[in-house]
Amino acid sequence: MEVVVYPVGSYMNQESLVDQVVDFLGAEYRPTHVLLDGEDYTHADTVLEEFQDIAFYWNRERPINRVPSHVLALMEDLDCHHLVWLSRKAIEEEDILFTWILAHELRHIYQARQSLSLRFLRREAQNIRCQPKYLGLPSGPMNPAELDSDIFAMRACEALFGMSKLAEFTARRRLPRCPFITYPGYLRDLEQSIPIAHRLAQTLVP
Ligand SMILES: [Zn+2]
C-alpha cells in the first residue's frame with residue numbers, strides 16, 4: 001500500500017493512522033493506494049462532484065475524466081487498483097471520525113473483492129426504518145452497501161478506540177454521511193437484526 005500525501009510532507013499523523021487502521025483490518029481491506037488530499041475543492045466546478053464529498057473509493061472500473069492532475073497521476077498508475085481518496089475535511093477531523101470515514105471506504109474494497117450480496121440488509125433496513133423512532137431518517141443514505149460500510153466502520157472504531165469513546169463520540173457528533181442523532185442507534189439495531197452469519201462477517205476479531 002502506498003499512502004500519498006498532497007501537498008507532500010503534510011499530515012504525518014493521519015498518514016500513520018492510515019497505516020495503523022489498514023494493518024488492523026487486514027489484507028482483504030488493504031487498498032493499493034490512499035490519497036490524503038489537502039486541496040480545497042469548495043469552488044472547483046471543473047472536477048467531478050465526488051470531490052465535494054468527504055471521501056470516496058475508486059477502482060479501475062470508475063471514470064478518470066474531470067479529476068485534478070495530482071489524482072489523475074495516481075489513477076493512471078497501472079499499479080493503482082483500489083484507491084481511497086480522503087478529503088481535507090476528513091483529514092482535519094478528529095482521529096475517531098477520520099478512522100470511521102477511512103474504515104467505511106475500506107469496507108467498499110472488501111465488498112468489491114468479495115462480491116458481497118447485501119440483499120438481506122436492504123430488507124431489514126426497510127423494516128427497522130418503519131419503527132417510529134427512525135421515521136425521521138432520510139432515505140438517501142440507506143443504500144445497503146453504504147449501511148454495511150457504516151456498520152463496519154462503527155465496529156472498527158469500537159475495536160480501535162473502545163466502546164465508551166465511541167459512545168461519547170456518537171452522542172456528541174453527527175456523522176457527515178447521515179447527520180441525524182438517531183442514525184448510530186439505527187445502525188446498531190440493524191446489525192442486531194441481521195442473520196448471525198452475516199453479523200459474524202462484520203465482527204472484527206483482532
Ligand atoms: Zn460509501
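## Strand pairing and the sheet

Two strands count as paired if DSSP finds at least two bridges between them. With that in hand, let's look at this predicted model. Strand S2, residues 33-37, and strand S4, residues 82-86, pair in the parallel sense, and four bridges join them. One place to see this on your screen is His 33, whose bridge partner in S4 is Leu 83.

These two strands belong to an open sheet of four strands, ordered S1-S2-S4-S3, in which the pairing is mixed. At the edges sit strand S1 (2-6) and strand S3 (55-59), each of which pairs on one side only. On average, neighbouring strands of the sheet are turned by 15° against each other, with direction ignored. Helix H1 packs on this sheet and touches both S1 and S2. The direction of H1 makes about 160° with that of S1.

## The overall fold

How many helices and strands does the protein have? Its secondary structure comes to nine helices and four strands. Reading from the N terminus, the elements run β-α-β-β-α-β-α-α-α-α-α-α-α.

Now for the overall dimensions. The protein has a radius of gyration of 17 Å, which agrees with the value near 17 Å for a compact globule, because a globule of that kind with 206 residues would come out there. Along the principal axes, the C-alpha atoms fill a box of roughly 45 × 35 × 35 Å. Of the 206 residues, 31% count as buried. If you consider contacts with a separation of 6 or more, 74% of them are between residues 24 or more positions apart.

## Two domains and where they meet

The protein is divided into domain 1, covering 2-111, and domain 2, covering 116-202. Taken over C-alpha atoms, the centres of domain 1 and domain 2 are separated by 22 Å.

Which residues bring the two together? On one side, 13 residues of domain 1 are in contact with 15 residues of domain 2. Helix H1 (12-25) and helix H4 (95-114) each supply at least two residues of the side of domain 1 that touches domain 2. H4 gives the most to that side, with nine residues. As for chemical character, the residues on the side of domain 1 that touches domain 2 divide into eight nonpolar, four polar and one charged. H1 is worth a second look here: this helix packs on the sheet, and H1 also supplies at least two residues of the side of domain 1 that touches domain 2.

Methods: Residues numbered from 1 in each chain as written. Predicted model: local features only at pLDDT ≥ 70, side-chain atom pairs only at ≥ 80, totals over all residues. Domains from an automatic or database assignment. Contact = placed C-beta atoms within 7 Å. Nonpolar A, V, L, I, M, F, W, Y, C, P; charged D, E, K, R; others polar. Rg over C-alpha atoms; globule rule 2.2 N^0.38 Å. Buried ≥ 20, exposed ≤ 12 C-beta atoms within 10 Å, placed from the backbone. Axes fitted to C-alpha atoms, helices over the stretch in contact; angles between N-to-C directions.
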